Amino acid sequence: MNPKLPYVLLVGAAVVIFILSCMLLSRGRRSPSCESQPSVVEKTGSVSQSLVFADLTPEEMSQVVRYLRGNLGVPLVDASRAKPSDNCIASVDLQVPAKAEVLRFLDGGGPRPAREALAVLYFGNQAEPNITEYVVGLLPLPLYHRDVTVQKYGGKLPYHRRPMLGSEYKQLEVFLETVAFAAAPTFLQEVVEYDRTNVAFQTTVPHGFQSGDRLTWFVLFQNVSGFFVHPVGLEVLVDHSSLDISQWAVSRVFYNGQYYRDMVQLESAYVQGRISVEKVRKAPWDGDFSSMKPRAPAAALFPVQYEPQGPRYSVRNNHVLFQGWSFAFGMSVSTGLRLFDIRHKGERVAYEISVQEALSVYGSNCPGGMSTRYMDGSFGLGRYTSPLVPGVDCPYLATYVDTHSLSDSLRPRKRKASLCIFEQNLGSPLRRHYSNLQSLYYGGLVNSALVIRSIATVGNYDYVWDFIFYQNGALEGKVQATGYPSSSFLHGDGLRYGNRLWEHTLGTIHTNFVNYKVDLDVGGVKNSLVAHDMAFEMTRAPWSPEQQIERPRLTKKVLDTEDQAAFRLQSKMPRYIYFAANSKNKWGHQRGYRIQITSFAGDHIPEASSMERAISWARYQLAITRRKEEEPTSTSIYNQNDPWTPTVTFADFIDNETITNEDLVAWITAGFLHIPHSEDIPNTVTVGNSVGFLLRPYNYYDLDPSIYSHDGVFFTSEQDLTACEINPLACLPKTASCLPNFPPFTYDGFRNM
């Protein structure tokens with residue numbers, strides 16, 4: 001044997017071990033961190049100008065409270081502790097300046113509009129209790145206030161119309177526990193096993209049947225996780241019309257299909273054995289079937305979205321810039337997320353897009369369910385905006401924004417990460433074509449859009465509010481509904497009003513309607529409304545006159561008046577309806593933005609109803625009116641508790657005024673019918689429960705503006721598809737092989753509850 005052979009083998013083995021070690025180390029090495037591209041550059045002026053729409057800061061809210069407490073000449077109690085007979089500040093929000101003033105500032109170099117607040121006060125400690133609205137300015141250090149109540153509403157606001165404060169709910173619970181329930185101890189102990197902690201309440205609105213009423217049904221549930229689907233069969237009607245809490249009284253009691261005069265009569269009937277008892281099995285604290293705790297262990301991680309080169313949008317203060325889009329955003333305490341000064345390619349296409357109301361009308365054979373008509377704006381879609389969970393409510397690496405509000409308290413409340421903004425790859429092409437005829441090529445554009453989102457949790461329902469900005473100039477407003485279904489105790493003919501969800505749980509049928517205000521300014525403030533559609537016409541084939549051809553043709557109509565532009569909920573509406581500018585595109589067509597509604601609404605409440613006028617906006621899937629400063633919203637927070645004499649009646653906006661070449665507003669209603677079913681347990685999914693609208697350019701541009709997107713892909717059969725300069729997708733192994741920096745998970749949703 002060659003004596004050098006062992007050394008050769010040892011050296012060879014060492015080389016192999018070294019190579020394998022390098023391979024293993026390289027495979028185990030962490031990929032490089034993603035590098036952010038240069039941030040989007042914004043003009044300083046646009047950011048500064050957007051502040052005219054900015055929500056009040058906590059400091060400004062506090063200054064308004066301090067000013068009011070020192071300048072009204074009456075004592076103001078903290079709303080969180082106020083009795084109905086007290087004076088208090090119910091809410092403080094931004095007073096949005098008049099549009100004409102804002103446009104002079106934004107477009108004409110005029111002065112910045114005065115920054116003011118709108119304060120809603122309850123005056124219960126007066127000879128004539130009332131609700132008063134004050135405009136307070138000049139912020140940040142207020143110097144004046146003016147009463148705008150009569151100017152806005154044509155008269156004083158009766159005190160009974162006031163939305164309920166949290167303190168009133170607490171006082172009612174104390175009344176039930178200490179007064180009402182004390183009259184039926186045996187029944188509550190033996191049937192409900194009541195111990196002052198194991199019962200939860202859900203209240204109904206409106207409060208009664210006529211103006212001035214303040215009677216509320218309290219529906220009792222087991223106090224467990226997801227209590228909304230754990231009714232126990234007992235409902236109590238409380239008359240709390242008096243400002244003197246000691247005068248509150250039980251007006252009626254309902255149990256398992258039977259009505260009683262009060263709790264005393266219920267107790268007497270039970271003790272005498274004259275009640276049909278349906279005892280509900282006690283649920284564990286986690287709710288059992290209503291628990292949202294996963295029933296399966298964690299497994300492989302779900303897909304996660306990230307931006308290999310950092311965000312391609314910017315958020316500065318309340319101003320957002322993305323591709324060709326820019327807009328300002330805000331959060332109204334009553335109506336929630338709203339946008340202002342929405343521009344594409346530098347040109348304003350809408351002045352305001354905002355949520356107006358979310359309405360639910362319920363049916364049941366129980367009194368609480370059958371009398372419920374929730375107008376969630378009166379509770380506060382902005383007030384109940386909830387903190388967002390990264391990775392579920394929004395992509396983990398979204399930009400999260402804190403919001404602040406002041407309601408039911410003298411101090412502002414911070415909702416950390418309650419609004420999110422993110423760019424989303426929708427996983428499908430915005431447009432594409434694969435050519436296998438004549439020339440061979442592929443052209444396409446990834447459908448990547450910007451989303452701004454908030455989620456409001458109002459009682460049992462969670463509303464996911466989105467505004468989505470696409471690269472072709474389209475804008476979408478969308479709401480997805482989730483949360484728990486509301487329920488009644490199943491008895492008698494209950495299945496006429498829904499489906500059985502559990503042993504004693506009736507998922508009650510209800511309609512959901514949402515209303516939006518869309519103030520489009522297409523090519524300027526003055527617009528007209530045009531309808532395009534189709535009709536078939538019969539004609540003879542010119543080359544073969546004995547043959548007949550049915551061909552679709554375009555129909556056109558200018559809608560001249562508000563009456564012509566008010567489309568009833570279930571009526572046929574032109575399929576192309578658009579705001580037309582006073583300018584034309586390269587091809588001679590009026591530039592326009594089309595309104596396209598996505599809705600599968602149930603029926604609107606009959607107009608013969610005594611309360612219908614309070615929700616008359618829901619008569620229409622679309623109504624176009626002249627824009628007026630005195631018609632800023634389609635409803636009012638005061639309509640909920642006095643729908644019989646509504647403070648704002650939308651139907652009165654439609655008075656056949658001309659709408660040709662005017663500043664116009666579109667009021668859009670979308671909705672769905674919800675018949676809860678077994679798959680709504682433990683709670684309702686968003687799939688199939690999404691409605692809204694699209695605003696789409698219609699001859700607004702000379703061609704699709706997304707052709708100028710940097711995300712386009714095009715290659716032919718003759719090109720090198722692996723070359724980055726030809727095909728940007730070929731660069732992904734390099735540009736997207738980094739690992740994003742995921743910050744530690746945090747959530748502040750349970751603080752300061």
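**Entry 1. Salt bridges**

I began with arginine 261, which forms a salt bridge with aspartate 262. Between the two residues, the closest N and O atoms are 3.8 Å apart. I note here that the model is a predicted one.

I then looked up aspartate 402 and found a salt bridge to lysine 416, with the closest N and O atoms 3.9 Å apart. This pair connects distant parts of the chain. Aspartate 402 belongs to strand β17 (residues 399-407), while lysine 416 belongs to strand β18 (residues 413-435). The two residues are 14 residues apart. For the structure I recorded a count of 41 salt bridges.

**Entry 2. Aromatic pairs**

I next turned to the rings and recorded 39 aromatic pairs. I examined one of them, the pair of phenylalanine 201 and phenylalanine 218. The ring centres lie 6.0 Å apart and the planes meet at 85°, so I entered the pair as edge-to-face. Planes over 60 degrees apart count as such. This pair, too, links distant parts of the chain, since I found phenylalanine 201 in strand β6 and phenylalanine 218 in strand β7, 17 residues apart.

**Entry 3. Domains**

I looked up how the chain is divided and noted three entries: domain 1 (52-155), domain 2 (166-286) and domain 3 (318-420 + 433-698). I then took up domain 2 and domain 3, whose C-alpha centres lie 37 Å apart. To their contact, domain 2 contributes 33 residues and domain 3 contributes 32 residues.

**Entry 4. The interface of domain 2 and domain 3**

How large is the area buried between domain 2 and domain 3? I recorded about 2500 Å², with carbon and sulfur atoms giving 59% of that area.

I asked next how many salt bridges are counted between domain 2 and domain 3. The count is zero. Polar contacts, by contrast, are present: I noted 11 residue pairs in polar contact across this interface, with both residues at pLDDT 80 or more.

**Entry 5. The side of domain 2**

Which elements give two or more residues to the side of domain 2 that touches domain 3? I listed α6 (166-180), β6 (199-203), β7 (215-222) and β8 (231-239). Of the elements, β8 gives the most to this side, with four residues.

I closed with the classes of residue on the side of domain 2 that touches domain 3. I entered 14 nonpolar, 13 polar and six charged residues. I also noted that β6 and β7, listed for this side, are the strands that hold phenylalanine 201 and phenylalanine 218.

Definitions and conventions
Residues are numbered from 1 along each chain as its sequence is written. This is a predicted model: local features need pLDDT of at least 70, side-chain atom pairs count only at pLDDT 80 or more; totals for chains, interfaces and linings use all residues. Side-chain values use heavy atoms; hydrogens and water are left out. Domain bounds come from an automatic or database domain assignment. Contact means heavy atoms within 4.5 Å. Buried area is the accessible area (1.4 Å probe) that two parts lose on being put together, summed over both. A salt bridge is a side-chain nitrogen of Lys or Arg within 4 Å of a carboxyl oxygen of Asp or Glu. A polar contact is a pair of N or O atoms within 3.5 Å; within protein, one must be able to donate a hydrogen and the other to accept it, and residues adjacent in sequence count only if both atoms are side-chain atoms. Ala, Val, Leu, Ile, Met, Phe, Trp, Tyr, Cys and Pro count as nonpolar, Asp, Glu, Lys and Arg as charged, and the others, Gly among them, as polar. Rings of Phe, Tyr and Trp (its six-membered ring) pair if their centres lie within 6.5 Å; planes under 30 degrees apart count as stacked, over 60 as edge-to-face and the rest as tilted.
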